[in-house]
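Hello,

Please find the structure below, with notes on what was found in it.

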Amino acid sequence: MDLLVVGAGEIGRWVADTVSADAAPVDATVAFADRDPAVAADAAADRDARAVDADGDTAHDAVCLAVPMSAVPAAVEAYAPRAERAIVDVSGEMTDALAAMREHAPGLERASYHPLFAPPRVPGNVAVVVDEGGPTVDGLTDSVQAGGNDVFETTADEHDAAMETVQAGAHAAVLAWRLAADPVREEFHTPVSAALEEVADTVTEGSPAVYAEIQRAFDGADEVADAAAEIAAADDEAFAALYERARGDREGRDRLE
C-alpha cells in the first residue's frame with residue numbers, strides 16, 4: 001500500500017510509523033505532504049519515507065489526513081483526487097470529516113479514525129467510523145490493531161457527543177482547576193489534588209492550538225462552568241443533592257463499562 005500522510009506533525013508521524021511497522025500486516029510505503037515542506041522532509045528523513053509536494057499531483061493508494069479538525073473539509077476536497085482507493089482522517093471530529101468525504105470521494109473507501117491519546121502515550125484506544133469499507137481500510141485498521149491499539153467502532157454522532165465530555169469538558173475542568181489553584185507544598189496534597197496535579201501536567205504539556213481546536217469543535221466547557229457555579233452557590237441541602245447526583249452519574253457510568 002502506498003499511503004500519503006497529509007500533515008507531518010506528531011499524529012501524522014504516528015500513522016506512518018504504525019502502518020510501516022514490522023508488525024503491520026500490510027506492506028506499506030509512506031509519503032508525507034505538509035504545508036511546510038521542511039516539516040515533511042524532516043518526517044521523511046527520520047524514517048523510510050519520502051516527501052512530496054503538498055500542491056502536487058502524485059497519486060497514492062490511500063490518503064490519510066492528519067490535519068487540524070477545522071482544516072479537514074478543505075483538505076478532503078484538495079486531496080481526494082490523489083487517492084485511488086481510500087481516503088481517511090485522524091483529526092478527531094467525525095461528522096464534518098465524513099460528510100466531506102462522501103461529497104468529494106464518493107467512489108472511494110472512507111473512514112474516520114480518532115486515536116484517543118497523544119503519540120507519546122501509545123498504544124491506546126482508537127475510535128473508528130467506517131463509512132465505506134474495503135480491503136484498503138481493512139488493512140489500515142489491521143495495522144493500527146497490530147500496533148497494540150484497541151480499535152472500536154462507533155458512529156459519528158456518538159463519537160462527537162462523547163468528545164463533549166471526554167475532551168472539551170474534561171480539559172476545561174482540569175485547566176480551570178489549575179488556573180484557580182494556588183501553589184502548595186507537596187506535603188499538603190491529598191490523593192485527589194495530587195491526581196489533579198498529574199492530570200493538569202498532562203493536559204498542559206501539549207499544544208495550545210490543539211486544545212483550542214477541541215474547544216471550538218465541541219461543546220462541554222459551558223456545562224462544566226455552570227456546574228462549578230452551581231456548586232459554589234449551593235447551601236448544605238443543595239450541595240448534598242448535587243453530590244448525590246454526581247454519585248448517581250458515577251454509578252451509571254460504571255454500569256456502561
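**A salt bridge in helix H10**

Helix H10 (residues 236–256) holds both Glu244 and Arg247, which sit three residues apart, about one turn of the helix. Their side chains meet in a salt bridge, at 3.0 Å from N to O. Glu244 has 44% relative accessibility and therefore counts as partly exposed. Arg247 is also partly exposed, because its relative accessibility is 32%.

Elsewhere, Arg102, Arg110, Asp131 and Glu132 form one network, joined by salt bridges that share partners.

**The chain as a whole**

Please keep in mind that this is a predicted model. The protein chain has 257 residues, and 39% of them count as buried. It contains 10 helices and eight strands. Along the principal axes, the C-alpha atoms fill a box of roughly 65 × 35 × 30 Å.

One pair of residues gives a sense of distances within that box. His159 and Arg185 are 26 residues apart along the chain, and 40 Å separates their C-alpha atoms. His159 belongs to helix H6 (residues 156–180). Is His159 buried or exposed? His159 is buried, because its relative accessibility is 3%, and the limit for buried is under 20%.

**Other salt bridges**

The structure has 14 salt bridges. One of them is between the side chains of Asp2 and Arg50, at 3.6 Å from N to O. This pair links distant parts of the chain, since Asp2 is in strand E1 (residues 2–6) and Arg50 is in strand E3 (residues 49–51), 48 residues apart. Asp2 has a relative accessibility of 16% and so counts as buried. Arg50 has a relative accessible area of 36%, so Arg50 is partly exposed.

Another salt bridge brings together the side chains of Arg178 and Glu197, at 3.7 Å from N to O. Arg178 is in helix H6 and Glu197 is in helix H7 (residues 191–203), so this pair ties together parts that are 19 residues apart in sequence. Arg178 is partly exposed, because its relative accessible area is 25%. Glu197 counts as partly exposed for its part, because its relative accessibility is 25%.

**The cavity**

How many cavities of 30 Å³ or more are there? The count comes to one. Its volume is about 80 Å³. The residues that line this cavity are Trp14, Val15, Thr18, Val19, Cys64, Val88, Val90, Tyr113, Leu140 and Val144. By class, nine of the lining residues are nonpolar, one is polar and none is charged.

Which helices each supply at least two residues of this lining? They are helix H1 (10–19) and helix H5 (135–146). H1 gives the most, with four residues.

H1 is largely enclosed by the rest of the structure, because seven of its 10 residues are buried. The buried residues of H1 are Gly12, Arg13, Trp14, Val15, Ala16, Thr18 and Val19. Among the cavity-lining residues are Trp14, Val15, Thr18 and Val19, and these four are buried residues of H1.

**The second largest pocket**

H1 also contributes to a pocket. The second largest pocket has a volume of about 160 Å³, and 14 residues line it. Of these, Ser20, Ala28, Thr29, Val30 and Asp48 lie nearest its centre.

Both H1 and strand E2 (29–33) supply at least two residues of this pocket's lining. Which element gives the most to that lining? H1 does, with three residues. The pocket lining divides into eight nonpolar, two polar and four charged residues, whereas the lining of the cavity has no charged residues.

**A nonpolar patch on the surface**

Ile231, Phe239 and Tyr243 make a nonpolar surface patch of about 310 Å². Ile231 is in helix H9 (residues 221–233). Ile231 has a relative accessibility of 45% and so counts as partly exposed.

**Where to begin**

If you want a starting place, look at H1 first. It gives the most residues to the lining of the largest cavity, and H1 also gives the most to the lining of the second largest pocket.

Regards

Technical notes. Residues are numbered from 1 along each chain as its sequence is written. This is a predicted model: local features need pLDDT of at least 70, side-chain atom pairs count only at pLDDT 80 or more; totals for chains, interfaces and linings use all residues. Side-chain values use heavy atoms; hydrogens and water are left out. Patches are made of residues with over 30% relative accessible area and no salt bridge: like charges are joined within 9 Å, nonpolar side chains (Val, Leu, Ile, Met, Phe, Trp, Tyr) within 5 Å. Accessible areas come from the Shrake-Rupley method with a 1.4 Å probe; for residues, only the protein chains shown count as cover. A salt bridge is a side-chain nitrogen of Lys or Arg within 4 Å of a carboxyl oxygen of Asp or Glu. Buried means under 20% relative accessible area, exposed over 50%, partly exposed in between (1.4 Å probe, protein chains only). On a 1 Å grid over the protein atoms alone, a cavity is a set of points where a 1.4 Å probe fits but cannot get out, and a pocket is an open set with protein on both sides within 12 Å along at least five of seven lines; lining residues have an atom within 4 Å of a point. Grid points are joined across faces, edges and corners, and a volume is the space filled by probe spheres set on the points. Ala, Val, Leu, Ile, Met, Phe, Trp, Tyr, Cys and Pro count as nonpolar, Asp, Glu, Lys and Arg as charged, and the others, Gly among them, as polar.
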